[in-house]
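Student: I've got the model open and I'd like to go through its labels one by one. Can you show me the reasoning behind each?

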Amino acid sequence: MLPQRNVLRKWRRWERVLAAKKRKRQQERERSRARRAGGAGEGRYCAALSGAVRTALAKERLLQARASGPRLCVDLGVADRMTEKETSRLASQIRRLYGANRRAEKPFWLCLTEFVVGSLIYEECFRMNDGFSNYLMDTTQESYLDLFPLDAIVYLTPDSENVLEDIDPNKVYILGGLVDESIHKKLTLQRAREQSLQTARLPIREYMVKAVNTKNYHSETLAINQVFDILSTYYETRSWPAALKAGVSSGKGYVLPEAVK
């Protein structure tokens with residue numbers, strides 16, 4: 001009988017060992033899950049905190065731009081010349097322009113002028129752009145002529161004879177609110193001349209060359225968000241080649257000289 005008792009005792013002891021090991025593995029799994037949950041929670045907290053910090057810094061930079069310039073206005077007084085499709089594209093360009101400005105280290109202060117309540121561009125901006133009412137910029141039904149001194153205004157148009165050489169924080173730069181496929185040639189130049197305003201064009205011809213392409217297509221007319229990318233990059237880098245590379249797509253038929261070597 002004794003050998004049987006010894007076998008039974010060993011078997012019970014082995015069961016206790018196995019049960020202890022099982023409990024230990026279960027405890028380790030629970031601790032591991034707790035660590036992962038804590039890490040994920042901390043990660044989410046850090047991500048939320050980082051997002052809040054970025055938002056606060058962007059707001060601070062924008063408010064600084066409002067206090068000290070430069071200013072950039074989108075002239076929507078010409079928006080009624082566009083079709084509904086073109087107006088929708090303009091609303092999208094305004095969203096991209098604002099997003100780029102919000103991310104910029106040295107932003108401009110933005111303003112939409114002649115932004116008439118109930119107009120098609122007004123309705124499209126609110127319809128297509130989430131959070132548009134919270135954009136940190138000015139919107140007004142007034143004209144830039146009623147807001148700023150004439151000698152501070154520079155209307156940017158590709159048809160100008162004057163080349164934009166630098167960005168002056170004391171100036172107000174105006175972009176015509178037209179999409180690039182609009183057929184209204186020299187409309188912005190004519191508008192600026194009628195208002196006795198200084199005009200300027202981007203120095204595309206001075207720093208870029210015409211690229212060889214099958215359609216022999218070369219255009220200096222850019223979307224307003226592309227013009228802004230150029231202005232913003234130049235304002236940060238003080239390099240026209242870098243700025244033009246940032247905003248002039250190859251589809252426009254212009255490239256930097258080194259690109260053709």
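Student: What makes R81 and D80 a salt bridge?

Tutor: This is a predicted model, and in it the closest N and O atoms of R81 and D80 are 3.9 Å apart. The cut-off is 4 Å between a side-chain nitrogen of Lys or Arg and a carboxyl oxygen of Asp or Glu, so the pair counts.

Student: Why is D80 called exposed, and why is R81 called partly exposed?

Tutor: D80 has a relative accessible area of 61%, and exposed means over 50%, so the label fits. R81 comes in at 44%, which puts R81 between the 20% and 50% limits, therefore partly exposed.

Student: How many salt bridges are there by this rule?

Tutor: The count comes to seven. Another one of them joins R191 and E114, at 3.0 Å from N to O. That pair links distant parts of the chain: R191 sits in helix α4 and E114 in the loop between β2 and α3, 77 residues apart.

Student: Is R191 buried or exposed?

Tutor: Buried: its relative accessibility is 15%, and the label needs under 20%. E114, at 22%, is partly exposed.

Student: What makes E220 and R205 a salt bridge?

Tutor: Their closest N and O atoms are 2.7 Å apart, which is within the 4 Å limit. E220 is in the loop between β7 and α6, while R205 belongs to helix α5, 15 residues away. E220 is buried at 17%, whereas R205 is partly exposed at 43%.

Student: Which residues do shared partners join into one network?

Tutor: D75, E114 and R191, through salt bridges that share partners.

Student: Now the cysteines. How do you know that C73 and C111 are not in a disulfide?

Tutor: Check the sulfurs: that of C73 is 4.3 Å from the closest cysteine sulfur, in C111. A disulfide needs the pair within 2.5 Å, so this one is too far for a bond. The search of the whole structure finds zero disulfides. Both cysteines count as buried, C73 at 1% and C111 at 6% relative accessibility.

Student: Which residues gather in the patch of positive charge?

Tutor: K22, R25, R29 and R33 gather there, on the surface. K22 lies in helix α1, residues 2–68.

Student: Why is K22 called exposed?

Tutor: Its relative accessible area is 57%, and the label needs over 50%, so K22 qualifies.

Student: And why does G177 count as buried?

Tutor: G177 has 0% relative accessibility, which is under 20%, so buried is the right word. G177 is found in the loop between β5 and α4.

Definitions and conventions
Residues are numbered from 1 along each chain as its sequence is written. This is a predicted model: local features need pLDDT of at least 70, side-chain atom pairs count only at pLDDT 80 or more; totals for chains, interfaces and linings use all residues. Side-chain values use heavy atoms; hydrogens and water are left out. Patches are made of residues with over 30% relative accessible area and no salt bridge: like charges are joined within 9 Å, nonpolar side chains (Val, Leu, Ile, Met, Phe, Trp, Tyr) within 5 Å. Accessible areas come from the Shrake-Rupley method with a 1.4 Å probe; for residues, only the protein chains shown count as cover. Lys and Arg count as positive and Asp and Glu as negative; His and the chain ends are not counted. The place of a charge is taken as NZ of Lys, CZ of Arg, CG of Asp or CD of Glu. Helices (H or I, at least four residues) and strands (E, at least two) are DSSP runs, numbered from the N terminus. Buried means under 20% relative accessible area, exposed over 50%, partly exposed in between (1.4 Å probe, protein chains only).
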